[in-house]
Structure formats: structure tokens, C-alpha cells
Amino acid sequence: GSITIDIALLEASNIIEGEKVSIVNINNGERFETYAIPGTRNSGEICLNGPAARKVHQGDIVIIISYGIMDFEVAKSFKPSIVFPNENDNSLT
């Protein structure tokens, strides 16, 4: 499976198409890895595809985590991108 993510959310979080991501389902504790594919811009879409879809139900809250490899000194000052989509109007906060 894969995870389809609104392209605006991909850009805001600096996740690229095909990037490996970890998914944490807050509702049931499921944790798994998959890869990101772009969805329709400004749709607010976050959709699990294929077998991964069996691990999340519509309305569940998920955390999508991506990782990076960098020099130790760079890592000390690195600031991650954290995105909280607004479920009421598909905007970003």
C-alpha cells in the first residue's frame, strides 16, 4: 500500500513523492511504513491505499513521520517541519 497526501500538505511538510514514511494511528496504536504519493492540491486528502488501508479507518487520527540523514552538526540546528491540517476548512495551521 501507499499513502496519498494532498500535494499542498506534502510541500508544507517537505515530503517528496515516493518518500518512505512511518504512519502512527492514534486511534488503534497501529504503526507501519509505506511511501507517499501526491493527491489533489487543497483537497485535504490523506488516504491509505492497498493493504495499508486495513490499518486505518476513516476519521482516525494519524501522524505521518519522515526521517532525514544529516551531519551531526547540521542536526543540532535542524528544525523539523510540523504541519497541523485544519480539518474544518482544509487549511494549514
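Which strand does Ile65 lie in? I looked this up at the start, bearing in mind that I am reading a predicted model, and I found Ile65 in strand β5.

**Entry 1: Ile65 and its surroundings**

I next asked how Ile65 counts by accessibility: buried, exposed or partly exposed? Its relative accessibility comes out at 27%, and because buried means under 20% and exposed over 50%, I noted Ile65 as partly exposed. Leaving aside residues up to four places away in sequence, I listed Val21, Ser22 and Val24 as residues that Ile65 touches. I also checked Lys20, which is 45 residues from Ile65 in sequence, while the two C-alpha atoms are 9.0 Å apart in space.

**Entry 2: the sheet**

I then traced the sheet to which these strands belong, and I wrote it down as an open sheet of 5 strands in the order β4-β1-β3-β2-β5, with mixed pairing. Its edge strands are β4, residues 46-48, and β5, residues 62-65, each of which pairs on one side only. On average, and with direction ignored, neighbouring strands of this sheet are turned by 35° against each other.

**Entry 3: β2 against β3**

For strand β2, residues 20-25, and strand β3, residues 31-39, I recorded antiparallel pairing over 5 bridges. Looking for individual partners, I found Ile23 opposite Phe32 in β3, and I found that Val21 has Thr34 as its bridge partner in β3. These two strands form a hairpin with 5 residues between them, and there I noted that Gly29 takes a positive phi near 80°.

**Entry 4: β1 and its two neighbours**

In which sense do β1 and β3 run, parallel or antiparallel? I found that strand β1, residues 3-6, runs parallel to β3 and is joined to it by 4 bridges, with Ala36 in β3 as the bridge partner of Ile3. Towards β4 the sense is antiparallel, with 3 bridges joining β1 to that strand, and there Thr4 stands opposite Cys47. I then examined the two faces of β1 and found both covered, since Ile3 and Ile5 on one side are buried, as are Thr4 and Asp6 on the other.

**Entry 5: the largest pocket**

How much space lies in the largest pocket? I wrote down about 1,300 Å³. Its lining is made up of 40 residues, and those that lie nearest its centre are Ile46, Val62, Ile63, Ile64 and Pro85. When I sorted the lining by element, those giving two or more residues were β1, α1 (7-13), β4 and β5, and the largest share, 4 residues, comes from β5. By residue class, I have the lining of this pocket down as 23 nonpolar, 12 polar and 5 charged.

**Entry 6: looking back**

Returning to where I began, I note that β5, the strand that holds Ile65, is an edge strand of the sheet and also gives the largest share of the lining of the largest pocket.

Notes: Residues are numbered from 1 along each chain as its sequence is written. This is a predicted model: local features need pLDDT of at least 70, side-chain atom pairs count only at pLDDT 80 or more; totals for chains, interfaces and linings use all residues. Side-chain values use heavy atoms; hydrogens and water are left out. Two strands pair if DSSP finds at least two bridges between them. Axes are lines fitted to C-alpha atoms, for helices over the stretch in contact, and angles run from 0 to 180 degrees between N-to-C directions. On a 1 Å grid over the protein atoms alone, a cavity is a set of points where a 1.4 Å probe fits but cannot get out, and a pocket is an open set with protein on both sides within 12 Å along at least five of seven lines; lining residues have an atom within 4 Å of a point. Grid points are joined across faces, edges and corners, and a volume is the space filled by probe spheres set on the points. Ala, Val, Leu, Ile, Met, Phe, Trp, Tyr, Cys and Pro count as nonpolar, Asp, Glu, Lys and Arg as charged, and the others, Gly among them, as polar. Buried means under 20% relative accessible area, exposed over 50%, partly exposed in between (1.4 Å probe, protein chains only). Contact means heavy atoms within 4.5 Å.
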